[in-house]
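Hi,

Here is the structure I promised to pass on. Have a look at it first, and my notes follow underneath.

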Amino acid sequence: MNQRRSISRRMFLGGGAAVAIGLPFLESLVPRGARAQAVTAPKRILFYYVPCGINGSTRNDFWPVDTGTSYTLTSMLQSLAPLKSDFTFVTGLENALAKPDGPGDHASGTGAFITCEHPFKSASQIMLAPSADQLAAQKVGTATRLPSLQIGIDAGGTAGDCDSGYSCAYARNVSWADAMTPLPKLTSAAQVFNQIFAGFDPTSTAAERAKRLAYQKSVLDAAMGDATSLQLKLAQTDKAKLDEYLTGVREVEREIMSTTTTSQCTEPATAPPDQAADYPTQVKTMSDLMVLAMQCDATRIISFMIGNAASNRVYSNLGITRGHHDISHHMSLPANLALLQQIGTWEVQQLAYLLTKMKSVTEGANDMLYNSSVFFSSEISDGNQHNHNDMPVIFAGHGGGAFTPGKHVMYPVTGHTKVSNLLTSMISTMGVTTKVGDADGPLAEL
């Protein structure tokens with residue numbers, strides 16, 4: 001009994017190996033005397049960025065018309081139907097400080113995405129503010145091995161002019177440690193995997209990385225003995241949970257190992273060509289990795305960019321042959337709006353995949369999505385107007401009970417209700433009392 005009670009929920013499998021695997025939330029490892037207090041899983045926050053705004057053939061393809069809990073999901077939101085009770089659609093929020101000094105809405109809007117501060121216009125000098133995720137990391141980041149995790153699909157350095165005089169630092173990052181320090185994102189699935197499972201070594205040579213791949217030694221292989229021993233100490237539900245978790249790790253690792261990826265820690269000055277995996281597979285893999293990172297409690301704070309600001313990606317997977325940014329300047333042409341509806345629908349489907357996977361992970365009496373808060377939006381609202389009011393916002397999760405989702409909340413567009421108020425409410429679930437950017441308080445209606 002004493003041996004069982006001495007096992008920490010934060011223990012690692014394969015501790016004697018070169019890499020280790022953190023455990024998911026297992027009630028069986030909590031001392032009996034403390035179990036009633038410990039069944040509450042940690043709170044998590046995730047910021048999900050999509051570029052170029054969101055448009056449909058008509059406004060009401062994305063924005064719902066009716067409000068409250070009985071609102072009707074629009075055509076672009078149908079993939080979220082099974083999760084309707086787990087998210088709130090918020091209409092009418094503005095990010096006023098995202099408005100640029102002259103042209104440059106994409107870079108300025110991306111810089112302000114979760115800082116809600118006004119980016120300084122310069123290609124060589126940057127000045128902004130800590131982002132919402134980093135305000136949370138300052139408070140709770142020491143509770144996990146990784147204070148926060150920045151992930152994206154498109155790489156690119158911070159130097160240079162990326163949008164009408166705005167530094168690339170604004171266009172390619174949403175996470176900022178402070179006014180002068182953007183936090184670059186990892187765009188290689190192998191890098192993310194190694195970060196999560198403590199095998200990341202930015203100083204290793206190409207030969208050393210190749211040697212590791214040649215051995216084909218899975219991190220799970222080094223931990224299986226520990227896992228077998230641990231199974232004997234777990235209740236039946238936790239045995240199934242551990243098996244599901246290890247299976248998920250194995251599947252993601254195999255998917256990554258079958259793809260050629262780069263392993264440079266520092267992003268290049270210019271964006272490299274797409275990785276070997278096709279774009280939809282990259283997005284799915286990153287979604288799987290985000291869930292694993294939270295499931296093993298490697299981090300509780302994640303930001304994800306599905307593309308950089310003003311992304312001109314060609315969505316060949318949707319049969320589209322033109323670039324996203326080009327199409328987003330739709331000029332109200334039906335052909336352009338129809339293509340944007342396809343792209344926006346696909347982006348929401350990727351969000352639905354992530355949220356569904358989070359909801360499938362049981363934690364204590366609830367699930368990972370219940371214990372989390374997820375903010376989904378873009379740097380602008382309408383791609384043609386480049387406006388920063390009436391932002392497209394989906395807010396998912398229950399924040400561990402702090403929020404009551406399952407509704408459409410509509411604020412008057414002329415009311416100047418701030419995105420920063422929502423973000424302030426979001427990080428408050430982690431005990432953060434600092435306001436985000438220009439916030440004047442939390443958003444009570446969530």
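Cys296 is buried, at 7% relative accessibility. Cys52 is buried too, at 1%. Keep in mind as you read on that this is a predicted model.

While on cysteines: how many disulfides does a search of the whole structure find? The search turns up 1, and that disulfide joins Cys162 to Cys168, with an S to S distance of 2.0 Å. For the record, a disulfide is a covalent bond between the sulfur atoms of two cysteines. The link of Cys162 and Cys168 is right-handed, with 90 degrees about the S-S bond. As for the two partners, are they buried or exposed? Cys162 has 30% relative accessibility, so it counts as partly exposed. Cys168 has 3%, which is under the 20% cut-off, so Cys168 counts as buried.

Next up is His388, which you'll find in the loop between β14 (372–378) and β15 (393–396). Despite the loop position, His388 is buried, with a relative accessible area of 7%. What does its side chain make a polar contact with? The partner is the side chain of Asp105, at 2.8 Å. Leaving aside residues up to four places away in sequence, His388 also touches a run of others, including Leu93, Glu94, Asn95, Ala98, Lys99 and Pro100. Gly109, Glu379 and Ile380 are among the residues it touches as well.

Over on the surface, there is a nonpolar patch formed by Phe120, Met127 and Met180. Together these residues have about 280 Å² of accessible area. Where does Met127 sit? Its place is in the loop between α3 (105–111) and α4 (132–140). Met127 has a relative accessible area of 39%, so it counts as partly exposed; patch members need over 30%.

One last residue to click on is Ala143, in the loop between α4 and β6 (149–152). Ala143 is partly exposed, with a relative accessible area of 29%. Pro42 is 101 residues away from Ala143 along the chain, and the C-alpha atoms of the two are separated by 9.9 Å.

If you only have a minute, I'd start with the link between Cys162 and Cys168, then go to the contact between the side chains of His388 and Asp105.

Cheers

Methods. Residues numbered from 1 in each chain as written. Predicted model: local features only at pLDDT ≥ 70, side-chain atom pairs only at ≥ 80, totals over all residues. Heavy atoms only, no water. Patch = residues over 30% accessible without salt bridge, like charges linked within 9 Å, V, L, I, M, F, W, Y side chains within 5 Å. Areas by Shrake-Rupley, 256 points an atom, 1.4 Å probe, with all protein chains shown as cover. Salt bridge = Lys/Arg side-chain N within 4 Å of Asp/Glu carboxyl O. Helix = DSSP H or I, 4+ residues; strand = E, 2+ residues; numbered from the N terminus. Buried < 20%, exposed > 50% of the residue type's maximum accessible area, 1.4 Å probe, protein only. Polar contact = N/O pair within 3.5 Å; in protein donor to acceptor, adjacent residues only side chain to side chain. Contact = heavy atoms within 4.5 Å. Disulfide = S-S within 2.5 Å.
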